[in-house]
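Here is a short note to help you find your way around. Have the viewer open as you read, and take the points in order.

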Amino acid sequence: MSVLAIAVPSRAVRLEAWVGSGASAEVYRGTLHDVDGDRPVAVKLLKPAAMLSAPVVRDLIAEAWVVRQLRHPSLMRFVELMRLEGQLAMLTEYIAGCDLAALGRLNERAALGAVAQVAEAMAAGPEGFVHRDLKPHNLRITPSGRVVVVDMGLAQIAGVGACTRTGRAGTPPYMAPECFWQDTPQPSRDVFSAGAILFELVTGQRLWGRREYRVRRELRGKPRMHAAWRRIRLEEVAYPPLRELLDRLLQFDAEARPTWREASSLLRGLAAQVGGQPLSARCAGRRWTDEPSSVGQRTLREVKPT
Ligand SMILES: Nc1ncnc2c1ncn2[C@@H]1O[C@H](COP(=O)(O)OP(=O)(O)O)[C@@H](O)[C@H]1O
Ligand SMILES: [Mg+2]
């Protein structure tokens, strides 16, 4: 054994529970073991087949680059990018709780409080920060009611960042109209997504259904048609000030949407006026199992680049 091997103990990650998965990666709750001791982490581990695809590997490295620059309690925090026995893994803070999608419909106060946290976080992000895939499945909520934005797989900072793939980026039900004909790096596209999330939280319905996908592409250059559609959808919202706020967030014209800073004060202001349990009370009253399915624990050792 070389002297160096004795002086630098190797690090390892224990995978403890499976949390979620996408096309190219699995996410686990785990523990990072290094000289500083044991730390709980979330592990985004590329699937073995994905390791053969240079663009996928590049995308995870780019995602880590974005996450590394985030410093806010409601934005996921970076821990490490490591090679674990031949698989690339991004380690971040583990956010106990569940996805916002699992909470289902919320009262107006709780819903406004949740989206206000997202707006505050986005406003406090780095200059030119765009997530491009805000949706309930990419928002974690902790038992104390903290909302955390995760999944920076498509995020960019001032036009640079994750996802080298070209074309439309995002999840159609939450995408701003302009994203159907151009891939824009403007924060206003995320503001629209926040509106779509808020609509879903208070009504229990998707703003856009699957069937309307084709219609949305055809809305290009048709703001009046979009306004008519928006009016119909917003009839689902009973409380007029909330309907007005949603109308602003969901404007067809990206320039007409509020900035994140404006949106966060509008959301906070309205949350303070409406009745109902705040988000923290809603969370306190929930049964949190937080035991994602077990993976039959396994430990992966770090492979240092040679
Ligand atoms: N830091 C984290 N802490 C806890 N759960 C997380 C964390 N990051 C992601 N997740 C969970 O894993 C799921 C998949 O992760 P995500 O980064 O969204 O992958 P994908 O890019 O495949 O959508 C998320 O929907 C969320 O439930
Ligand atoms: Mg995701």
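How many nonpolar, polar and charged residues does the shell around ligand 1 have? Keep that in mind for point 3; please also remember that this is a predicted model.

1. **Two domains.** A good place to begin is the division of the chain into domain 1, residues 14–94, and domain 2, residues 98–284. Their C-alpha centres are 26 Å apart. Where the domains touch, domain 1 contributes 15 residues and domain 2 contributes 21 residues. On the domain 1 side of this contact you will find 9 nonpolar, 3 polar and 3 charged residues.

2. **Where the ligand sits.** Ligand 1 lies between the two domains, because domain 1 and domain 2 both give residues to the shell around it. There are 19 residues around ligand 1, and those that come nearest are Gly-20, Gly-22, Val-27, Ala-42 and Asp-151. Three elements give two or more residues to this shell: β1 (12–21), β2 (25–34) and β3 (37–46).

3. **What the shell is made of.** Now for the opening question: the shell around ligand 1 has 8 nonpolar, 6 polar and 5 charged residues.

4. **Helix α3 against helix α4.** Next, please turn to α3 (residues 108–123) and α4 (residues 187–203), whose axes are 9 Å apart and which pack at an angle of about 165 degrees. The two helices are therefore roughly antiparallel to each other. The crossing of α3 past α4 is right-handed. From α3, the contact uses Glu-108, Ala-111, Ala-114, Val-115, Val-118, Ala-119 and Met-122, while α4 supplies Pro-187, Asp-190, Ala-194, Ile-197, Leu-198, Leu-201 and Val-202. By class, the contact of α3 with α4 has 12 nonpolar residues, no polar ones and 2 charged ones.

5. **Helix α3 against helix α8.** How do α3 and α8 pack, and at what angle? The angle between α3 and α8 (residues 260–273) is about 155 degrees, with their axes 8 Å apart. That makes α3 roughly antiparallel to α8. Their crossing is left-handed. Among the α3 residues that make this contact are Arg-109, Leu-112, Val-115, Ala-119 and Met-122, and the α8 residues include Trp-260, Ala-263, Leu-267 and Leu-270. The contact of α3 with α8 divides into 11 nonpolar, 2 polar and 4 charged residues. You may recognise some names here: Val-115, Ala-119 and Met-122 of α3 take part in the contact with α4 and in the contact with α8.

6. **Helix α4 against helix α7.** The last pair to look at is α4 and α7 (residues 240–249), with axes that come within 8 Å and cross at roughly 150 degrees. This crossing is left-handed. On the α7 side, Leu-242, Leu-246 and Leu-249 meet Val-191, Phe-192, Ala-194, Gly-195, Leu-198, Phe-199 and Val-202 of α4. The contact of α4 with α7 has 9 nonpolar residues, 1 polar residue and no charged residues. Ala-194, Leu-198 and Val-202 of α4 meet α7 and also belong to the contact with α3.

How values were computed:
Residues numbered from 1 in each chain as written. Chains lettered and ligands numbered in written order. Predicted model: local features only at pLDDT ≥ 70, side-chain atom pairs only at ≥ 80, totals over all residues. Domains from an automatic or database assignment. Contact = placed C-beta atoms within 7 Å. Nonpolar A, V, L, I, M, F, W, Y, C, P; charged D, E, K, R; others polar. Near = placed C-beta within 6 Å. Helix = DSSP H or I, 4+ residues; strand = E, 2+ residues; numbered from the N terminus. Axes fitted to C-alpha atoms, helices over the stretch in contact; angles between N-to-C directions. Parallel < 35°, antiparallel > 145°, perpendicular 65-115°, else oblique. Left-handed = near helix turned anticlockwise from the far one by under 90°.
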